[in-house]
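Trainee: Could you take me through one part of this structure closely? After that, please place it in the wider picture.

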Amino acid sequence: MSTAEVTSERGRASWLKGRLVPGLIVKIVLLAIAVGLVTYAVPKLVDQHAWVGLGATIAATAVLVWIYTGRRNIPLKYLAPGTLLLIAFQLYPVLYTISTAVTNYGDGHLLSKSQAISTIEAASVTEVPGSARYQLSVATKGNPDSAPFVYFLTAPDGKVYQGTTSGLAAVTGDVQKSPSGKVIGVPGWHILNALQVNHRSADLAKFDVPAGANGFVKNVGISEAYVGRTAVTYDRATDTLTDSRTRLTYHSKDGYFVATDGSGRRFDTGWKVNVGLANFREVFDNADIRGPLVRIFFWTVAFALLTVATTFALGLALAITLDHPQLRGRRLYRSLLLLPYALPAFISLLVWQSMYNKDFGLINHLLHAKIDWLGNAWTARLAILLANLWLGFPYMFLICTGVLQSIPAELRDAARVDGASALQAFRSVTLPLLMISVMPLLIASFAFNFNNYNAIKLLTNGGPFPSNNSTAGDTDILISYTFRIAFGAQGAQYGLAATISIAIFVLIAVISYLGFRNTRRLEEIYR
Amino acid sequence: MRPSVPFDPPRRFGRGGRLSAVTAVAVVAVLAGACSSSKPAKHASSPGSTPPASSSSAPASGSSSASGIPARGSADLVIWADGQRAPVLQKLAETFGQENGVKVDVQTISTDQQSAYVTATTAGKGPDIVVGATDWIGNLVQNGTIAPVPLSAEQLKAFQPIAAKAVTYNGSVYGVPYATENLALFRNTAVAPTAPTTFEQLVSQGQAAIRAKKAQAALAVQTGQTGDVYHMEPFYTSGGGYLFGAKSNGDYNPSDIGVGKPGSIAAAKLLAKYGEKGSNVFRRSIDADNSISLFTSGKTPFLVSGPWALDTVKKAHVKYALSPVPGFAGQQPARGFVSVQAFFVSAKAKNAALAQEFASNYATQPSVEKALFELEPRPPALTAVYDEVAKTDTDVQGFYAAGKNAQVLPQIPAMASIWDALGKAEAAIVGGANPTTTITAAGKQIKKSIGS
């Protein structure tokens with residue numbers, strides 16, 4: 001190595017160093033923000049007992065700090081952000097979906113088993129018939145927010161009792177009472193006000209004053225107390241619930257407590273359990289789910305393709321028309337054409353829905369017809385495509401206008417000089433150039449419409465429905481159909497929904513794979 | 001105007017992902033990651049993140065996780081209500097707050113109240129009290145999101161029996177009722193001066209109005225393309241149908257399903273007779289969006305609707321009168337639903353003591369229910385208050401008379417299977433499908449979905 005080279009190398013190093021000072025500051029600030037965010041999140045996570053999340057957060061931050069402090073790990077510095085995003089937005093949802101698919105998570109199975117048990121027990125508390133209602137004051141001798149407290153209870157006959165966890169005791173000393181009889185002052189005790197009582201809600205929930213056989217005094221809000229009894233008790237050893245009212249025993253089965261007497265009675269509140277492949281079996285075995293899937297799949301593809309084709313055709317035609325340089329008021333026309341795009345789509349869709357009304361709709365009124373647009377499978381499909389055309393063409397118009405303006409006029413002129421007709425010039429010069437720019441957008445538009453839930457939901461809600469099937473309508477696309485199965489008739493069924501989305505994912509992955517393979521072949525031809 | 005009816009199955013839609021703790025962590029981790037590095041450009045250009053919006057740039061549906069839920073803020077008691085009731089309740093809540101020296105915040109949840117409540121409560125972000133209809137109870141209980149309200153026997157007795165029944169579920173009281181809602185027949189007294197006592201009379205009056213060019217439709221019962229079980233219920237029951245049999249304790253029995261039984265087939269035949277292929281009284285073209293306006297604009301002399309329609313009808317200055325929804329001549333009485341609006345206390349209320357105090361010792365006071373009625377006139381649930389306001393308010397009387405035969409809107413979770421399947425079957429029958437096979441198929445489908 002020559003001296004000159006060494007010098008220049010050194011020069012570059014010092015120049016780099018000069019540049020790096022602001023960069024270093026930015027780096028420090030960003031790392032500080034990251035650490036700050038984590039510091040903010042940690043107490044919340046601890047609050048929610050989210051230990052896995054806590055570990056993941058701290059680990060992710062530690063890795064980030066380690067990567068970006070110091071000069072090592074150059075490749076990692078580039079890879080880390082993308083990898084983290086990949087984990088958070090791709091990998092995590094996929095894993096979460098799969099883990100949900102093997103459970104019965106959904107309405108009736110949202111809780112954990114211990115939560116379900118305590119909910120059932122709490123719901124079984126009933127007032128002891130004929131028992132008294134007390135006026136309640138909560139009192140403490142120490143800090144109102146944390147010290148142990150007692151109840152001062154005024155019975156309907158005016159007698160005052162002190163209630164503690166060991167029972168009721170009559171208060172004989174000197175007690176100050178309000179006109180209604182509520183205790184408002186006892187020497188040596190501090191009576192809590194409404195806000196202070198409320199702050200002790202969690203302690204109050206656990207505070208039972210034993211009273212009589214199996215009964216206990218429990219607060220009703222902040223000013224009243226009643227004598228209650230728990231009818232249902234859980235036995236940990238046998239994992240059963242016993243209801244003292246019906247004398248029935250319930251054992252746990254499939255995320256529910258079911259009566260052992262074979263009557264099929266069960267408590268409504270269930271919990272989340274692992275159901276293995278039951279959801280997958282449901283999707284593939286249940287003829288009601290699997291049956292219409294093929295028909296719906298074809299309509300979904302047709303709907304997305306036709307929407308893209310019609311909107312693009314109309315958008316392009318209008319763009320070409322308005323591209324003519326001699327046309328007057330081009331700007332005005334263009335602005336007017338963009339109007340449908342400016343309106344919120346869901347409002348337009350609702351307006352379209354009312355225009356299609358058979359008896360009172362604008363369209364039948366104008367046509368003097370009695371077409372049952374949304375009540376007939378084919379007219380409903382046509383109606384959806386028409387409404388979608390109206391909503392979608394301005395976008396295509398906008399894009400085509402932009403692309404047309406970017407194609408040099410010389411190319412067309414050259415084609416015309418070479419003797420091509422206007423149509424030939426368009427077909428062989430303008431269109432291919434246009435398609436190169438527009439193709440990715442058309443594909444994106446197809447993908448969007450493939451899952452265009454709003455259009456279907458707001459226009460037809462999947463309908464019309466065959467008279468023997470209320471789950472699969474004639475205009476349903478995959479997403480609206482899935483949604484109805486998962487959240488329609490039986491409330492939310494997240495487990496089943498996850499399973500169906502996995503099935504659809506597989507379906508689309510296969511199609512995409514085939515599509516990509518074909519594209520590659522095309523690319524090879526172009527080369 | 002959309003009535004604030006709670007039984008609309010679509011309301012159950014839109015339960016976006018629950019914002020689990022783990023997701024939150026992932027987000028934080030990513031934020032940390034994104035902040036400490038140069039911005040990765042790949043997300044900006046991927047088709048997924050920027051909807052090409054070929055046909056709609058409608059609200060990004062994927063990001064609806066917890067965004068619809070208001071923050072709890074610093075209030076000592078948080079109440080959720082729909083847009084119509086929230087402002088009314090805010091005034092009462094302020095009185096409660098002043099009496100107890102606490103700050104009460106009434107927050108508006110405009111759509112999907114029930115699912116928003118379940119989602120938020122499960123995630124520990126819910127309110128202390130939620131205002132809703134009593135048919136939510138089954139679902140809220142099975143998800144462990146509401147706690148029983150320990151009302152005393154006397155407190156419960158002060159309510160109208162049907163209101164007390166509507167908040168009682170599996171032997172426990174789960175809410176404090178404050179208003180009842182049921183269907184009645186609105187009639188335009190300029191066109192139809194006398195109240196029809198049978199459906200046949202109603203039809204002949206309505207059709208006479210059409211012939212006299214005074215109307216375009218004999219009757220407005222919202223049906224729509226997917227049907228409306230709630231509004232069809234009087235006719236379905238009059239024709240002989242029922243939804244669920246009763247258990248010995250009066251609760252609905254989900255294993256005795258009436259859809260598909262002979263009575264429901266007889267009812268379905270009557271729906272077909274008066275449907276689009278018959279005398280065209282029931283029509284799918286009349287739906288939730290246009291039924292009330294058809295009445296107020298004079299296009300129909302009769303409307304079947306509830307107290308939620310009163311405001312619009314009054315503003316339109318139509319001379320109207322209320323009467324019971326008539327049943328078919330010589331058939332069963334028409335028995336619509338009574339739904340009851342109630343205060344529910346969250347099972348995970350952060351301010352459980354205040355929430356319970358508000359529900360059981362404040363909302364049960366006659367003066368409070370009276371004030372609620374004055375702010376928003378729906379028939380009060382407390383008998384004493386009802387009697388008081390019924391003396392002067394003819395609408396309250398009308399709805400009461402119309403609701404005499406009514407049945408409690410079932411609270412059992414199995415009801416969710418009915419709304420969808422029976423609604424669509426009824427719509428198909430109205431549209432001309434074979435009544436016998438259609439209702440039988442619906443019965444089978446309901447049985448299957450409840451059976452699991």
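**A covered strand and its surroundings**

Mentor: Start with strand 4 of chain A, residues 160-164. Four of its five residues are buried, so strand 4 of chain A is mostly covered. Buried means that 20 or more other C-beta atoms lie within 10 Å of the residue's own; 12 or fewer means exposed, anything in between is partly exposed, and C-beta atoms are placed from the backbone. Helices (H or I, at least four residues) and strands (E, at least two) are DSSP runs, numbered from the N terminus.

Residues count from 1 along each chain as its sequence is written, while chains are lettered from A and ligands numbered from 1 in the order written. This is a predicted model, where local features need pLDDT of at least 70 and side-chain atom pairs count only at pLDDT 80 or more, while totals for chains, interfaces and linings use all residues.

Now look at the partners of strand 4. Strand 3 of chain A, residues 149-154, pairs with strand 4 of chain A in the antiparallel sense. Four bridges hold this pairing. Two strands pair if DSSP finds at least two bridges between them. Find A:Tyr151: it stands opposite A:Gly163 in strand 4 of chain A. Strands 3 and 4 of chain A form a hairpin with five residues between the strands. Within that hairpin, A:Gly158 takes a positive phi near 95°.

Strand 5 of chain A, residues 167-170, also pairs with strand 4 of chain A. These two run antiparallel, and four bridges join them. Here A:Gln162 of strand 4 faces A:Ala169 in strand 5 of chain A. A hairpin links strand 4 to strand 5 of chain A through two residues.

Move along chain A to another sheet. Four strands, in the order 12-13-14-15, make an open antiparallel sheet. Strand 12 (232-235) and strand 15 (256-259) of chain A are its edges, each pairing on one side only. Neighbouring strands of this sheet are turned by 30° against each other on average, direction ignored. Axes are lines fitted to C-alpha atoms, for helices over the stretch in contact, and angles run from 0 to 180 degrees between N-to-C directions. Strand 14 (residues 248-253) and strand 15 of chain A pair antiparallel over four bridges. A:Ser252 has A:Phe257, in strand 15 of chain A, as its bridge partner.

Helix 4 of chain A, residues 113-123, lies across strands 12, 13 (240-243) and 15 of chain A. Helix 4 runs at about 150° to strand 12 of chain A.

Step back to the whole of chain A. Chain A has 19 helices and 15 strands. Its radius of gyration, taken over C-alpha atoms, is 36 Å. The globule rule (2.2 Å times the number of residues to the power 0.38) gives 24 Å for 527 residues. The value for chain A is well over that, so chain A is more spread out than a compact globule. The C-alpha trace of chain A spans about 115 × 90 × 50 Å along its principal axes. Buried residues make up 34% of chain A's 527 residues.

For one position outside the strands, take A:Val351. A:Val351 sits in helix 12 of chain A, residues 345-355. A:Val351 is partly exposed because 14 other C-beta atoms lie within 10 Å.

Now chain B. Chain B has 18 helices and 14 strands. Of its 452 residues, 59% are buried. One open sheet here has three strands, in the order 11-8-12, with antiparallel pairing. Strand 11 (302-305) and strand 12 (320-323) of chain B stand at the edges with a single partner strand each, so one side of each has no neighbour in the sheet. Four bridges join strand 8 (residues 184-188) to strand 12 of chain B. B:Phe186 has B:Leu322, in strand 12 of chain B, as its bridge partner.

How do the chains meet? The contact takes 97 residues from chain A and 79 residues from chain B. Two residues are in contact if their C-beta atoms lie within 7 Å. On the side of chain A that touches chain B, 53 residues are nonpolar, 37 polar and seven charged. Asp, Glu, Lys and Arg count as charged; Ala, Val, Leu, Ile, Met, Phe, Trp, Tyr, Cys and Pro as nonpolar; the others, Gly among them, as polar.
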